[in-house]
Structures are given as structure tokens and as C-alpha cells.
Amino acid sequence: MLVDAIVEAIRLAVTRIPDDVVSALSEAHAREDNEVARFNLENILRAMEIGKDGLVPVCQDTGTVTFFVEAGVGSPFLGEVKGWLVEATKRATEEIPLRPNAVDVLIGRNSGNNTGKGVPVIHWELVQGDAIRIAVLPKGGGSENCSALAMLTPSEGWDGVKRFVVERVKECGGKPCPPVILGIGVGGGADYSLLLAKKALLRRVGERNPERRIAKIEEEVLEEINALGIGPMGMGGKTTALDVKIEVAHRHPASFPVALVFQCWANRRAFVEIKPDGGVEVWQ
Amino acid sequence: MAVKLRTPLSEADVLGLKAGEVVYLSGRIYTARDSAHRKILSLPSEELPFDPEGAVIYHCGPVVRKTEMGYEIVSAGPTTSARMNRYLDGILRLGVRGIIGKGGMDVEPFKRRAVYFAFTGGAGSLAAKSIKRVEAVHWLEELGVPEAVWVLEVRDFPLIVAIDAYGNSLYR
């Protein structure tokens, strides 16, 4: 059953923190001498260790289940994938279990199974080929609440982007569960910059944007943020962000949109690929 | 440096704590988030399902598994406390002496009467190790799993005093 593979990917995402994130957190622990920061980082390392066996969600906020789907136009399963994603979300909620996080905006009622109007969130992209590749991003509320969008003027440009991001990180302090990973989307309009920012969180920690000039800005922003001293959980320390990921699109001549999406240290993700013969592969 | 405390907390317990100290907390704690705070403050105190005097409130919406015997806590780290700033004074007036959460809160309301304990956000799998039992749950049907008041028995829950009763805070 292909639904099983999607449930497994959700399980992997919420219980096992990817190796690149674990390494970055271990390094942060090794260079920290602030006692409170060490208390927090040691708890983080222990929590990730407990999650490794795939039985316990590392963070109790298993998030809004969010999927990014690259759907090969030649796949025989195009018409079925959406139903599978919804079904897998319901089953994962029951079986792993996940915390039910879908609340009716009018009456405040929790649906109890993480599905409802517009959720799980599914972002579609049609691509060439006959495979369907699904990225699972369980997105926690504490970090999501710090998201921000600025419609800068073109004259503010990249200096404005840096100022905006650093100010927002300062403002949010310990709320998004630092050390965070930042997704930044620049250009493309208000909606698309936010989508780029969120999708950027799927990149591995340490992986730079292939465009050299953007990679340099990623490094500069990271350095500036870690100089703030906010530290793990906002209680001081050397590491406030593990990484900064920037994605860009062309902009309107009059606009310079910049979107910022925070991901907590529990930077969860997993991928499933559904091949045209029904074979599946699940990885992080 | 580390202090062992048991709930309910006395005034002396609270006034003896300094920001930066590690506390191992045992006894009964109550989870509450936005909706539970609104509900608690909307009721006359004699109608509350628990005694707030000396109580410790945990800003947490756990992952819970239903068992034959009742409920089991699977993962239960803290949620962002700042959302509850608007209810803080009201909750502390009821006699609550400790709040557990993450990210910090307004410092002023804690002065001379309560402390804020931090646990590491996101480390829900580790926090669950200190939770020994679900004693009861209130308002589950009405508020849903994350927002219900879960009555938990904890043993040696490792916390940091992040805001003490003297106006000291570890937050930057």
C-alpha cells in the first residue's frame, strides 16, 4: 500500500531528526561554554536520541502536516495522490501518534485527526517524468508564529533584507525554539516569496545556495544572527541559528519582497518517491 | 546548585529560588494553554476542577495515546509562554506559584509571588520521561487534546529557574 509509505515518511519526519541537523546541534554543544545554553543543548541531544528508534515524536508539536509534491506528469497515480496524503495524515495521527492540530477557525473545534479545510497543506508542482516525489514537512506553531513578510522598496535591496531578518530574529528571541533554521524567500511577489521561504527549509543544514553571491549572503546573515547572543531557547549562548537558506525569484520592478519562515531546531523532514510501477523509496 | 522541590509550592519555596538555578520538580502539575487559561479565568474559583493554591501550571499541549487504563503521555515539551502573558496576572492571583514553559514571559507579575521555570522547547520526548502518570484530564471534549488541562504526576522534572520572584530573568 502506497499510503503505508507516506505514513512511514511522516513517522520518520517526526521521530528522527536528520543527521545534518544532529551534527550541527552536536557542534553547537561542543563550542558552548554558557551553562544554561549547555543545559538546553544537552536536553536537545538527549531528546533526539530518544526519537531515534522511531517510536516517540521528538517534539510534542508535530505541527501542521505539510507536503510539497513534485508530480511527474507521466505518473499513473496523479489522480490518487491527494487522497493518499489525506488518508496517511489521518492514519499517522492515530498510529504514531501525532498531536491533533487542525482547528476550525470559526468554532474553535479540533478535528482530532489533523485534517480539515485546506489541511494537510499540499503544495503541487508539475514536473517532467513519471515519478511523484513528496516532501513531508511537519511545521510547528511556535516557529511558524514568528514568520514575517516585508515588501521592501528596491532601493532598500539586499541591505534591507539583512536588516529585516536580523531585526525579526531579535524581536522573536526564544519564541521560535532557537537554534533555528531560517528560510528566506526574496522576489516573486508576496505569496511566492513565502512559499520559497518555507520550501527552503527542506534543504540540508550546511548546504549553500548554488549561486555563489546568494551563498555569501546566507553566510553573512548567519554570522550576524549568531553574533546576537540570543542563544538556545533565548537564554543566551553562541548559537542562535544553525543555518540560513535563501531562495530567490525575479521580482516586479517596483517591489522587493522578502519573506522569512522560522524552523525550530527540530528541523523535521522526510521524502517519499513513488515510482510508476508502484515501487516506493523513503528517505530523509 | 540543584534544588529538589515538590508541588504544591509554598511561598518560601518560591522566594528561595534564584534565576539560573536547576530545579528537579516532583508532584502534580497542570497543563494549560490559551483556551484553558481563558476558561480558568472565566470561572469562579470554587468551580475550578483543581486547587490553584501553590499549583504549578505547565504551558504544554502533549501528544497523548489512549490506553486501556486511561491515557499515556508520549511527548510533552513546553509551548511558547508569551502567548499567555495576557492571563498571567489573573492566574497568579489565584495562588499559582510556578509556571513551566519556554521562551519567557513578562517579569513584573512574578515579583514576590511566583517563578517561571524553563524547560527546553522541542525536547518533548525527553520531558515525557519525567512524566509518570496522567492523573486526570479536564475539558478534553470541549477543548481538544492540545488545549485540555492534563493533570500530570512528574518525578524529578529538570527545569531552570528562568525568571525568579526578584525580577531577575535569563532571557535576552
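User: Is A:Met233 buried or exposed?

Analyst: Buried: this is a predicted model, and in it A:Met233 has 35 other C-beta atoms within 10 Å.

User: Where in chain A is A:Met233 found?

Analyst: A:Met233 is in the loop between helix 8 (212–226) and strand 6 (241–248) of chain A. The backbone there is worth a look, since A:Met233 is not a glycine and still has a positive phi of about 65 degrees.

User: OK, and what about A:Asn114, what's its phi?

Analyst: A:Asn114 has a positive phi too, about 70 degrees, and A:Asn114 isn't a glycine either. You'll find A:Asn114 in the loop between helix 4 and strand 2 of chain A.

User: Why does A:Asn114 count as buried?

Analyst: Because A:Asn114 has 25 C-beta neighbours inside 10 Å, and the cut-off for buried is 20 or more.

User: Staying with that loop: which peptide bond leading into A:Pro97 is cis?

Analyst: The one joining A:Ile96 and A:Pro97, with omega at about -10 degrees. A:Pro97 sits in the loop between helix 4 (81–95) and strand 2 of chain A.

User: And what's omega for the bond from A:Val119 to A:Pro120?

Analyst: Near 5 degrees, so by the record of that bond it is cis. A:Pro120 is likewise placed in the loop between helix 4 and strand 2 of chain A.

User: Switching to the sheet. What's the strand order?

Analyst: It's 2-1-3-8-9 in chain A, an open sheet of five strands with mixed pairing. Strand 2 (121–127) and strand 9 (280–283) of chain A are the edge strands, each pairing on one side only. From one strand to the next, the twist averages 15 degrees.

User: How many bridges hold strand 1 and strand 3 of chain A as a pair?

Analyst: Eight, and the pairing is antiparallel, between residues 64–72 of strand 1 and residues 132–139 of strand 3, both in chain A. To give you one spot to click on, A:Thr64 stands opposite A:Lys139 in strand 3 of chain A.

User: What kind of bonds do strands of a sheet pair through?

Analyst: Backbone hydrogen bonds, in either a parallel or an antiparallel arrangement.

User: Which strands does helix 1 of chain A lie across?

Analyst: Helix 1 (residues 2–15) of chain A lies across strand 1, strand 3, strand 8 (270–274) and strand 9 of chain A. Against strand 8 of chain A, helix 1 runs at about 165 degrees.

User: Zooming out, what are the domains of chain A?

Analyst: The domain assignment gives domain 1 as 2–12 + 56–140 + 268–283, and domain 2 as 142–263. Their C-alpha centres lie 25 Å apart in chain A.

User: How many residues are in contact between domain 1 and domain 2 of chain A?

Analyst: Eight residues of domain 1 of chain A touch seven residues of domain 2 of chain A. On the domain 1 side, strand 3 of chain A gives the most, with three residues. By class, that domain 1 side has three nonpolar, two polar and three charged residues.

User: Last topic, the contact with chain B. How many residues come from each chain?

Analyst: Chain A puts in 37 residues and chain B puts in 33 residues.

User: Which element of chain A has the largest share of the side that touches chain B?

Analyst: Helix 3 (residues 35–51) of chain A, with nine residues. As for the classes on the side of chain A that touches chain B, the residues divide into 19 nonpolar, 15 polar and three charged.

Terms used
Residues numbered from 1 in each chain as written. Chains lettered and ligands numbered in written order. Predicted model: local features only at pLDDT ≥ 70, side-chain atom pairs only at ≥ 80, totals over all residues. Pairing = 2+ DSSP bridges. Helix = DSSP H or I, 4+ residues; strand = E, 2+ residues; numbered from the N terminus. Axes fitted to C-alpha atoms, helices over the stretch in contact; angles between N-to-C directions. Contact = placed C-beta atoms within 7 Å. Domains from an automatic or database assignment. Nonpolar A, V, L, I, M, F, W, Y, C, P; charged D, E, K, R; others polar. Buried ≥ 20, exposed ≤ 12 C-beta atoms within 10 Å, placed from the backbone.
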